[in-house]
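Subject: Structure handover

Hello,

Here is the structure I said I would pass on. My notes on it follow below.

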Amino acid sequence: MRRTVLLASVATAVLLTSGLVLVTAIGSMRSGNTAAERPNFVLVVTDDLTKQDYLDLGSALSSFTSKGTFFENAFVTTALCCPSRASTLTGLYAHNHHITQHIDPGTGYEQYHAKGYDQKDLAVWLRDAGYKTGLVGKYMNKYDAQGDGVPAGWTDWYGADSPIKRWRL
């Protein structure tokens, strides 16, 4: 029983990583490309959702995912928000990017920025490939929306530094 509860807790944490709604690739910036040539995609990353929040999110997303691909069973390598976000944005495992905490001094966005990952991550790669990118919501723990500015690569930025009790879509 204890193992089942632990696995369920870990699975929930893994599924609901990151407290962020990352909207990526709003459209193509290259003038010669048509929508049929380049796919648009949206990556939604969340954490700490109640079951109702999860159900509401699915309903809200259904209007623009009905003609696309929806991955119902996804996994992360680190079930902790900042390490997981860093892995998603860099393509590296936590043991390679070394962001393994999110609360201690020098961790979270502070560490991500200090290592220069905010200058060479998914948003930058997509921008360099001609995509528009956008972020709405929580970026990383310890990100200061007033003082840190917009990281490289983001076309549209609505980054928040502290999550509210319940995000509304």
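To begin with one residue: is His98 buried, exposed or partly exposed? His98 counts as partly exposed, because its relative accessibility is 45%. His98 is found in the loop between α4 and α5. The phi of His98 is near 65 degrees, which is a positive value in a residue other than glycine. Please keep in mind throughout that this is a predicted model.

Overall layout

The protein has six helices and five strands. Along the sequence they follow the pattern α-β-β-α-α-α-α-α-β-β-β. The protein has 169 residues, and 37% of them count as buried. Taking the contacts between residues at least 6 apart in sequence, 58% join residues at least 24 apart.

Helix α3 and the cysteines

Helix α3 spans residues 81–90. Nine of its 10 residues are buried, so the helix is mostly covered. The buried residues of α3 are Cys81, Cys82, Pro83, Ser84, Arg85, Ala86, Ser87, Leu89 and Thr90. After α3 comes Gly91, with a positive phi near 80 degrees.

Two cysteines sit next to each other in the numbering, and the question is how many disulfides the structure holds. The number is zero. The sulfur of Cys81 has its closest cysteine sulfur in Cys82, at 4.9 Å, which is too far for a bond, because a disulfide needs the two sulfur atoms within 2.5 Å. Cys81 is buried, with 12% relative accessibility, and Cys82 is buried at 0%.

The nonpolar core

The largest nonpolar core has 17 residues. Which of them touch the most other members? They are Leu89, Tyr112, Tyr139, Met140 and Trp154. At least two residues of this core come from each of α3, α5 and α6 (122–128). Leu89 is also one of the buried residues of α3.

Aromatic pairs

There are nine aromatic pairs in the model. In one of them, the ring centres of Phe41 and Tyr131 are 5.8 Å apart and the planes are at 65 degrees. Why is this pair edge-to-face? The angle between the planes is 65 degrees, and the pair counts as edge-to-face because the cut-off for that class is over 60 degrees. Phe41 lies in the loop between β2 (27–28) and α2 (51–65), while Tyr131 lies in strand β3 (residues 131–132), so the pair ties together parts that are 90 residues apart in sequence. Phe41 is partly exposed at 32% relative accessibility, whereas Tyr131 is buried at 9%. Tyr131 has a further partner in Arg38, which lies over the face of the ring at 4.1 Å from the ring centre.

A second edge-to-face pair is made by Tyr109 and Tyr143, with 5.3 Å centre to centre and 90 degrees between the planes. Tyr109 is in helix α5 and Tyr143 in the loop between β4 (134–138) and β5 (156–160), so that distant parts of the chain, 34 residues apart, are linked. Both rings belong to buried residues: Tyr109 has a relative accessible area of 4%, and Tyr143 has a relative accessibility of 2%.

Tyr109 and Tyr143 are also members of one aromatic cluster, together with Tyr112, Tyr117, Tyr139, Trp154 and Trp157. Among these, Tyr112, Tyr139 and Trp154 also appear in the list of core residues that touch the most other members.

Thr107 and Lys142

Back in the loop between α4 (94–97) and α5 (109–114), there is Thr107. Thr107 is buried, with a relative accessible area of 9%. What does the side chain of Thr107 reach? The side chain comes to 2.4 Å from the backbone oxygen of Asp104. Leaving aside residues up to four places away in sequence, Thr107 touches Gln101, His102 and Lys142.

Lys142 is found in the loop between β4 and β5, which is also where Tyr143 lies. Lys142 is partly exposed, with a relative accessible area of 27%. The phi of Lys142 is near 75 degrees, again a positive value in a residue other than glycine.

Those are the notes.

Regards

How values were computed. Residues are numbered from 1 along each chain as its sequence is written. This is a predicted model: local features need pLDDT of at least 70, side-chain atom pairs count only at pLDDT 80 or more; totals for chains, interfaces and linings use all residues. Side-chain values use heavy atoms; hydrogens and water are left out. Buried means under 20% relative accessible area, exposed over 50%, partly exposed in between (1.4 Å probe, protein chains only). Helices (H or I, at least four residues) and strands (E, at least two) are DSSP runs, numbered from the N terminus. A polar contact is a pair of N or O atoms within 3.5 Å; within protein, one must be able to donate a hydrogen and the other to accept it, and residues adjacent in sequence count only if both atoms are side-chain atoms. Contact means heavy atoms within 4.5 Å. A nonpolar core is a set of buried Ala, Val, Leu, Ile, Met, Phe, Trp, Tyr and Cys residues joined through side-chain atoms within 4.5 Å. Rings of Phe, Tyr and Trp (its six-membered ring) pair if their centres lie within 6.5 Å; planes under 30 degrees apart count as stacked, over 60 as edge-to-face and the rest as tilted. A charge sits over a ring if NZ of Lys or CZ of Arg is within 6 Å of the ring centre and within 35 degrees of the ring normal.
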